[in-house]
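Work through the exercises below with the coordinates loaded. Try each task before reading its solution.

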Amino acid sequence: MKRQKWWGLGLSMLLVYGAVLTGCSGGGSSTKVRIGEVTRSIFYAPQYVALEKGFFKEEGLNVELQTTPGGDKTMTALLSGAIDVALVGSETSIYVYQQGSEDPVINFGQVTQTDGTFLMARDGAGAFDWNQLKGKVFLGQRKGGMPQMAGEFTLKKNGIDPQADLELIQNIDFANIASAYASGTGEFVQLFEPQASIFEKEGRGKVVASFGVESGHLPYTVFMTKQSYIDKNDATVQKFTNALYKAQQWVESSSPEDIADAIMPYFKDSDRDIVVSSVKRYKEQGSYATDPIVDEAEWNNLLDVMEQAGELKERVAPGTIVNNSFAEKAKQAK
């Protein structure tokens with residue numbers, strides 16, 4: 001009788017052990033992580049690669065991606081708990097910190113390391129000089145956002161006063177900037193890819209400069225989450241960062257054509273040649289970060305850009321709302 005009881009107990013323990021193993025394996029249960037991306041963009045290629053190549057799944061994560069248009073909406077979704085992780089400009093975490101949040105938003109995985117916009121001239125004939133913008137109508141980006149701040153930073157760097165030397169339009173919603181330019185507004189426009197390549201193909205203008213090159217390296221788009229989420233889910237954040245690093249390394253070593261093929265499911269209505277052209281432009285100027293670390297020099301450049309734009313109350317030390325420990329461990333584990 002005792003023997004039967006022990007056998008039954010042993011069987012129960014084996015079943016429990018087997019269930020634990022199944023749950024830890026790739027074919028069992030996985031941890032759900034909800035990402036909110038500020039926009040759908042070829043600029044975020046490493047994220048889509050991590051999804052399509054199964055790097056998140058390899059880490060035991062079930063990642064759900066949704067687009068939450070605009071930095072304000074994305075941060076609201078994160079703070080309210082509607083998403084777990086946000087892919088958005090790191091300036092938004094600084095805005096939250098400046099408001100005195102008791103649960104700060106922490107940057108833990110950099111995705112892009114330059115601005116992603118380009119200067120397009122309606123008349124791109126001849127050699128370009130920044131002085132050509134003087135007295136012209138410049139269709140810029142929304143005030144307070146990183147594209148606008150990096151744009152004005154670049155203009156000032158090249159001797160252009162955005163408020164006095166040209167007519168700056170920045171009251172048009174992000175989603176409508178391209179259509180406004182297409183309808184005839186502005187002699188110059190600040191655009192992301194793939195719209196810049198599309199307009200070049202259509203003969204609507206020519207890319208004459210890169211704001212990403214001109215404004216230098218900075219933590220432009222970063223995965224971030226609340227400190228309270230990290231406190232409760234540090235293992236999940238580590239797995240997430242591991243997957244991101246795998247994707248970044250894959251992007252770094254792959255051709256624009258291969259990257260385009262990997263991310264096409266997220267751009268089904270796009271012309272493949274345009275996607276390839278966009279990826280190539282971003283790779284050539286080093287926009288895609290090759291690891292998730294937000295380094296101090298990049299962070300300080302971001303603060304310089306925000307300070308010059310008048311959007312920074314005080315300089316925020318990187319250690320305050322940046323946690324590189326997950327990125328460093330991901331690199332060590334590779």
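The exercises go from the whole chain to single residues.

**Conventions.** This is a predicted model: local features need pLDDT of at least 70, side-chain atom pairs count only at pLDDT 80 or more, and totals for chains, interfaces and linings use all residues. Residues are numbered from 1 along each chain as its sequence is written, and side-chain values use heavy atoms, with hydrogens and water left out.

**Exercise 1. Describe the protein chain as a whole.**

Step 1: assign secondary structure. The protein chain has 16 helices and 10 strands. These are DSSP runs, numbered from the N terminus: helices are H or I with at least four residues, strands are E with at least two.

Step 2: get the extent. The C-alpha trace spans about 95 × 45 × 30 Å along its principal axes.

Step 3: get burial. Of the 334 residues, 51% are buried. Buried means under 20% relative accessible area, exposed over 50%, and partly exposed in between, with a 1.4 Å probe and protein chains only.

Step 4: sort the contacts (heavy atoms within 4.5 Å). Take those between residues at least 6 apart in sequence: 81% of them join residues at least 24 apart.

**Exercise 2. Characterise the aromatic pair of Tyr181 and Phe199.**

Step 1: choose the descriptors. A pair of aromatic rings is described by the distance of the centres and the angle of the planes.

Step 2: set the cut-offs. Rings of Phe, Tyr and Trp (its six-membered ring) pair if their centres lie within 6.5 Å; planes under 30 degrees apart count as stacked, over 60 as edge-to-face and the rest as tilted.

Step 3: count. The structure holds 17 aromatic pairs. In the one formed by Tyr181 and Phe199, the centres are 5.5 Å apart and the planes make 35°, which is tilted.

Step 4: place the partners. Tyr181 belongs to helix α7 (residues 177-182) and Phe199 to helix α8 (residues 195-202), 18 residues apart.

Step 5: check cover. Tyr181 is buried at a relative accessible area of 0%. Phe199 is buried too, at 4%.

**Exercise 3. Find the ring cluster and the charges over rings.**

Step 1: follow the ring pairs. They link Phe43, Tyr44, Phe118, Phe174, Phe192, Tyr220, Tyr282 and Tyr288 into a cluster.

Step 2: define the charge test. NZ of Lys or CZ of Arg must be within 6 Å of the ring centre and within 35 degrees of the ring normal.

Step 3: apply the test. Arg281 lies over the face of Phe118, 5.5 Å from the ring centre. Arg122 lies over the face of Tyr181, 4.0 Å from the ring centre.

**Exercise 4. Is helix α2 enclosed or open, and what follows it?**

Step 1: count. In helix α2 (residues 45-52), 7 of the 8 residues are buried, so the helix is largely enclosed by the rest of the structure.

Step 2: name them. They are Ala45, Pro46, Gln47, Tyr48, Val49, Ala50 and Leu51.

Step 3: look past the end. Gly54 follows α2 with a positive phi near 75°.

**Exercise 5. Locate the cis peptide bond and the surroundings of Ser30.**

Step 1: scan omega. The bond from Glu193 to Pro194 is cis, with omega near 10°. Pro194 sits in the loop between β8 (188-192) and α8.

Step 2: turn to Ser30. Its loop joins α1 (2-24) and β1 (31-37). Ser30 is partly exposed, with a relative accessible area of 41%.

Step 3: list its contacts. Leaving out residues up to four places away in sequence, Ser30 touches Gly60, Leu61 and Asn62.
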